[in-house]
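User: Please take a close look at a single part of this model and describe it in its context. Which residue classes make up the surface near DNA strand C, and how many residues does each class have?

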Number of protein chains: 2
Amino acid sequence: MAGQFSATATGPLSEEDGEATVHERVYRALRERILFGGFRPGFSVTLRGLAEELGVSPMPVREAVRRLIAERALELHGNRRVTVPAMTAAKFEQIVFARRALEPELAVRAMPRLDTQAITRLETIDDRIDTAMREGDAEGYMRGNHQFHMAIYERAEAATLLAVVTSIWLQFGPFMRLVYGRFGTSDLQDQHMLALAALKDGDAGGLRAAIEEDIMQGMRFIGEAALAG
Amino acid sequence: MAGQFSATATGPLSEEDGEATVHERVYRALRERILFGGFRPGFSVTLRGLAEELGVSPMPVREAVRRLIAERALELHGNRRVTVPAMTAAKFEQIVFARRALEPELAVRAMPRLDTQAITRLETIDDRIDTAMREGDAEGYMRGNHQFHMAIYERAEAATLLAVVTSIWLQFGPFMRLVYGRFGTSDLQDQHMLALAALKDGDAGGLRAAIEEDIMQGMRFIGEAALAG
DNA sequence: AGTCTCGCAGTGTGATCACAATTTCGGCGC
DNA sequence: GCGCCGAAATTGTGATCACACTGCGAGACT
């Protein structure tokens, strides 16, 4: 178990979504770990290991892992080893490019459907993000940040684009967690207020700029911290 | 077998890549069919059916299908039916947006590595595309077009972005084939010459515009033909 | 004591079987 | 004739087993 963050060692599968298939529940459990820092980049997972840990047979784990490999959240090496991919400068740059190209657009498309109630919910999430940042709660910050962005993007009703963005997030999740674990979260700035203001004003251009700025600030922080410096 | 195009009823698995795993060969076979028109949108596939057709056990087919579902090339319905996804106007629009956002960029990034030899090869491919277009060979046209674009994009050495684009292509392949089957290919125009010219001139802006124009023209044709009209 | 080698534990891959849910289609009743 | 119903075939899901290959560590030989 060494090399893995202990924060989200979920243990046996949560039975909350009891009606889904085992494969689906395993997939979601692994996905959460990847997204919010349960795995460290380079960590190698085994089918039987995960199966025993989650209390299921290796079969559904196999399918879930295959699925995550297809989404580029896991990596299958030639030597038959499955690992959480490491970050490289080139890959990081491509992720930033894709995020800038797609996410502001998703936000703008979602704007007509983001009513007052939705904005209030976003503010609540943002409050939790600020708290987590202050307290250095890396996982809490990442959960909140993910929730904030996805709560917007989901309203765009653009499932095809959203799937691409989701896959991208899976690819920098473990790396992001690594950086926060190493450098803390207290140096982060809350860039969501500009987005919320633009949302209230119905200012599409402002929202696009705010989301782009949020992406750039956040990615620059973890990029400089871990790749350049 | 009804509801499926007969053009690429590949039969048993080709043994050319004999060293790859069965899963990998099945994956590539299915992927080819999806990309170049072996399946019609809405066609439903069965694990055992594909397994028997390809001469393998259902197991590797299961993994390949799961993988293609993750790439949004296949669709898993609640009733446990696996189908080739149908196209909708909204999905089509998102595909066009993603292609415009990513593919011209990939082309520009590839330009420094596209030497005279590579350009010559592109011209050869383009000749074959023209021939296929004239002869109404829909599958040949699609294979050539795919080859032309990918031969460029691969040189960008941007695996992360390329994976996104590849997934996108898988999502409109069956639909594209359907349109060409219905309306023919003779009304198509070759938009690749502008790209080749820009490539020879080392004109990055021109290349970006040419690729974008190529995408727009091609997608407008199949979009108008099948969705609006 | 250092190095090479052999072997065992552990890995992903693939096949086969059991099962529950779904679909399909035949025949019965109206 | 037409529509409903139930049995049989077919589906995806999951478990278990066999196998070839990898990796690592213990042992022996020099």
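Analyst: For this count, Ala, Val, Leu, Ile, Met, Phe, Trp, Tyr, Cys and Pro are taken as nonpolar, Asp, Glu, Lys and Arg as charged, and the others, Gly among them, as polar. On that basis, the surface near DNA strand C has seven nonpolar, six polar and three charged residues. The model is predicted, and every value below is to be read accordingly.

DNA strand C is surrounded by 16 residues, of which the closest are A:L47, B:T21, B:V22, B:H23 and B:S57. The list therefore draws on both chains, and the elements behind it can be named as follows. At least two residues of this surface come from each of α2 (47-54) of chain A and, in chain B, α1 (22-36) and α3 (58-70).

The other DNA strand may be set beside this. Around DNA strand D there are 15 residues, with A:T21, A:V22, A:H23, A:S57 and B:L47 the closest. Two or more residues of that surface are given by each of α1 (22-36) and α3 (58-70) of chain A and by α2 (47-54) of chain B. By class, the residues near DNA strand D divide into seven nonpolar, six polar and two charged.

One of the contributors to the surface near DNA strand D is α3(A), and this helix merits closer description. α3(A) has 13 residues and runs 18 Å from its first C-alpha to its last, close to the 18 Å expected at 1.5 Å a residue. The helix is mostly covered, with ten of the 13 residues buried. A residue counts as buried here when 20 or more other C-beta atoms lie within 10 Å of its own. The buried residues of α3(A) are A:P60, A:V61, A:R62, A:E63, A:A64, A:V65, A:R66, A:R67, A:L68 and A:A70. Their cover includes α1, α2 and β3 (82-83) of chain A, together with α3 of chain B. After α3(A) comes A:R72, which has a positive phi, near 65 degrees.

The β3(A) strand named in that cover belongs to a sheet. In chain A, three strands form an open sheet in the order β1-β3-β2, with antiparallel pairing. Its edge strands are β1 (44-45) and β2 (75-76), each of which pairs on one side only. Two bridges connect β1(A) with β3(A) in the antiparallel sense, and A:V45 stands opposite A:V82 of β3(A).

Chain B also has an open sheet of three strands, in the order β1-β3-β2 and with antiparallel pairing. β1 (44-45) and β2 (75-76) of chain B stand at the edges with a single partner strand each, so one side of each is left without a neighbour in the sheet. β1(B) is joined by two bridges to β3 of chain B (residues 82-83), and the two run antiparallel. In this pair, B:S44 stands opposite B:T83 of β3(B).

The contact between the two chains takes 19 residues from chain B and 19 residues from chain A. On the side of chain B that touches chain A, two or more residues come from each of α3, α4 (89-110) and α7 (159-183) of chain B. Of these, α4(B) gives the most, with seven residues. By class, this side of chain B has ten nonpolar, three polar and six charged residues. α3(B) is thus an element of the surface near DNA strand C as well as of the side of chain B that touches chain A.

Chain A as a whole provides the wider setting. It has nine helices and three strands, arranged along the sequence in the pattern α-β-α-α-β-β-α-α-α-α-α-α. A compact globule of 229 residues would have a radius of gyration near 17 Å; chain A has 18 Å, which agrees. The C-alpha trace of chain A spans about 50 × 45 × 30 Å along its principal axes. Of the 229 residues in chain A, 38% count as buried. Among contacts in chain A with a separation of 6 or more, 75% are between residues 24 or more positions apart.

A contrast to the buried residues of α3(A) is offered by A:G202, in the loop between α8 (192-201) and α9 (204-228) of chain A. A:G202 counts as exposed because it has 11 C-beta neighbours inside 10 Å. The C-alpha atoms of A:G202 and A:H149 are separated by 17 Å, the two residues being 53 residues apart along the chain.

Terms used: Residues are numbered from 1 along each chain as its sequence is written. Chains are lettered from A and ligands numbered from 1 in the order in which they are written. This is a predicted model: local features need pLDDT of at least 70, side-chain atom pairs count only at pLDDT 80 or more; totals for chains, interfaces and linings use all residues. A residue is near a molecule or strand if its C-beta atom, placed from the backbone, lies within 6 Å of it. Helices (H or I, at least four residues) and strands (E, at least two) are DSSP runs, numbered from the N terminus. Two residues are in contact if their C-beta atoms, placed from the backbone, lie within 7 Å. Two strands pair if DSSP finds at least two bridges between them. The radius of gyration is taken over C-alpha atoms; the globule rule is 2.2 Å times the number of residues to the power 0.38. A residue is buried if 20 or more other C-beta atoms lie within 10 Å of its own, exposed if 12 or fewer, and partly exposed in between; C-beta atoms are placed from the backbone. The expected span of a helix is 1.5 Å times one less than its number of residues.
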